Amino acid sequence: MLEGKGMVKETDMPLKMQIQAMASASKALDLYDVHDCISVAAHIKKEFDKVYGLGWQCVVGFNFGCFFTHSPGTFIYFALETLNFLIYKGTSSHLSSLSVT
């Protein structure tokens, strides 16, 4: 497992799901090189799709900005070591928009 503690920057996820997000990120970093952000993000997205149903999105990187719409209760933005992670489930109704930089 990756040493170090994740730091949640912003979220509206239930605590159990937040813990799952950070555990999934740590597992992905054990499997893939820290610079292979696409594989890390794909691993996390597939795991969340399997556990919580389809429609999850994941962005991983050292520095990024975004603006997105998500289902309430499905968003987390956190840092683990030098990487930032954004995980959310998109929706077309009951919208919540958020900007992360």
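Is the crossing of H1 and H2 left-handed or right-handed? The crossing is right-handed, meaning that the near helix is turned clockwise from the far one by less than a right angle. This is a predicted model, where local features need pLDDT of at least 70, side-chain atom pairs count only at pLDDT 80 or more, and totals for chains, interfaces and linings use all residues. Residues are numbered from 1 along each chain as its sequence is written, and side-chain values use heavy atoms, leaving out hydrogens and water.

**View 1. Here H1 meets H2.** Their axes (lines fitted to C-alpha atoms over the stretch in contact, with angles from 0 to 180 degrees between N-to-C directions) come within 9 Å and cross at roughly 140°. That makes H1 oblique to H2 (not under 35 degrees, not over 145 and not 65 to 115). Among the residues in contact (heavy atoms within 4.5 Å) are Ala 21 and Ala 25 of H1, plus Ile 44 and Phe 48 of H2.

**View 2. This one shows the largest nonpolar core.** Such a core is a set of buried Ala, Val, Leu, Ile, Met, Phe, Trp, Tyr and Cys residues joined through side-chain atoms within 4.5 Å. Of its 20 residues, Ile 44, Phe 48, Val 60, Phe 78, Phe 85 and Ile 87 touch the most other members. A second, separate core of six residues includes Phe 64 and Tyr 77.

**View 3. Now look at Glu 81, in the loop between S4 and S5.** Glu 81 is partly exposed, at 46% relative accessible area (buried is under 20%, exposed over 50%, partly exposed in between, using a 1.4 Å probe and protein chains only). Gly 6 is 75 residues away in sequence, yet 7.1 Å away in space, C-alpha to C-alpha.

Notes
Helix = DSSP H or I, 4+ residues; strand = E, 2+ residues; numbered from the N terminus.
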